[in-house]
Amino acid sequence: MNRSMKTLIAALTVSAALTGQVEATSVAIVKGDYYTPNLKTQLENNGVIVMEVADYTAASLSGFDAVVHYGNSFTDLTALEAYVTGGGRLVLTPWSGWNFGLTPTLQIFDNGGSVPQFFTGYPGVTVLDAGNPLLKNVVLPAGSGGFDVGRITNIHTVFGVNDVANWADGTDFIGEKAVGAGKVIGINMHVITSDTAYAVIDQPWASQLMLNAVGATNAVPEPTSAVLASLGLLGFAALRRRQKAVAVVA
């Protein structure tokens, strides 16, 4: 291993130690029809380890901190229940309740009277639980309009779910509930399916919401002065070694 690589590794080690960021959050996205990688890209850009999976078992999911299921894919409800009750974090987006019947254990929203909207103008958001960690650092766009979202209308949370936010027209948007040792989170907004307004995930507020949903709030903290100083010292040390090497040759 050359000195430059050793210096880089040492710098990263110091940075991780000073920021407290030693282990990254690991997430599985269940991949299927109409899949787009934008969510994966946004999570990875913020320090999350992401693996796309075409199928799964309870055992194969157990190594992930969170699982994202968007519904156009392989589904094993028994495996998902086992994953969540064992301590996993399951994030469900709209087609999860539309394309297959969620068990009561996993259900966040009801299915009565629901109507899919693939593209519709942003309706605005009504926050119901402002202190909820799912909304940490999420700066919701004010007002309405300006871009499209995809969602299912006329759905509401079921009994036992904590309502975090609604769309301003009354349709529920974000809900969560504890299940065993884990948690299920429902987000009524498409962020993966290609025939919807999935590209909203590239907006900072939406990507932050999904970061929070998978449990990676502040996954990549801003560099602190201590970290910057440590990197500077490591760079200075590398420069001094090069200068000494030149002096010896001379």
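The questions and answers below concern helix 4, strand 10 and the nonpolar cores of a predicted model.

Me: What makes the buried residues of helix 4 line one face of the helix?

Reply: The buried residues of helix 4, which covers residues 77-85, are Ala79, Leu80, Tyr83 and Val84. Seen down the axis of helix 4, these buried residues fall within an arc of 130°, so they line one face. An α-helix has 3.6 residues a turn, so residues three or four places apart point the same way.

Me: Which elements do the buried residues of helix 4 pack against?

Reply: They pack against helix 3 (58-61), strand 3 (66-69), strand 4 (89-92), strand 9 (172-179) and strand 10 (182-187).

Me: Why is aspartate 76 said to cap the N-terminal end of helix 4?

Reply: A side-chain oxygen of aspartate 76 lies 3.1 Å from the backbone nitrogen of threonine 78, and a polar contact requires a pair of N or O atoms within 3.5 Å, so this pair satisfies the cut-off. Beyond the helix, helix 4 is followed by glycine 87, whose phi is positive, near 120°.

Me: How do you know that strand 10 pairs with strand 4 and with strand 9?

Reply: Two strands pair if at least two bridges are found between them. Four bridges join strand 4 to strand 10, and these two run parallel, with lysine 183 in strand 10 as the bridge partner of arginine 89. Strand 9 and strand 10 pair in the antiparallel sense over six bridges, and isoleucine 174 stands opposite isoleucine 187 in strand 10. Both counts therefore meet the requirement of at least two bridges. Strand 9 and strand 10 also form a hairpin with two residues between them, and glycine 180 in the turn has a positive phi of about 60°.

Me: Why is strand 10 called mostly covered?

Reply: Five of the six residues of strand 10 are buried, and buried means under 20% relative accessible area, so the description "mostly covered" rests on that count.

Me: What makes up the largest nonpolar core, and which residues have the most contacts inside it?

Reply: The largest nonpolar core has 38 residues, and Phe173 and Met189 have the most contacts inside it. Among the elements that give two or more residues to this core are strand 1 (26-30), helix 2 (38-45), strand 9, strand 10 and helix 6 (204-213), while helix 6 gives the most, with six residues. Leaving aside neighbours within four places in sequence, methionine 189 is in contact with residues including Trp167, Phe173, Val200, Trp205 and Leu209. Apart from this core lies another, of 24 residues, among them Ala28, Ala79, Tyr83 and Trp95.

How values were computed. Residues numbered from 1 in each chain as written. Predicted model: local features only at pLDDT ≥ 70, side-chain atom pairs only at ≥ 80, totals over all residues. Heavy atoms only, no water. Buried < 20%, exposed > 50% of the residue type's maximum accessible area, 1.4 Å probe, protein only. Arc of directions from axis to C-beta. Contact = heavy atoms within 4.5 Å. Polar contact = N/O pair within 3.5 Å; in protein donor to acceptor, adjacent residues only side chain to side chain. Core = buried A, V, L, I, M, F, W, Y, C linked by side-chain atoms within 4.5 Å.
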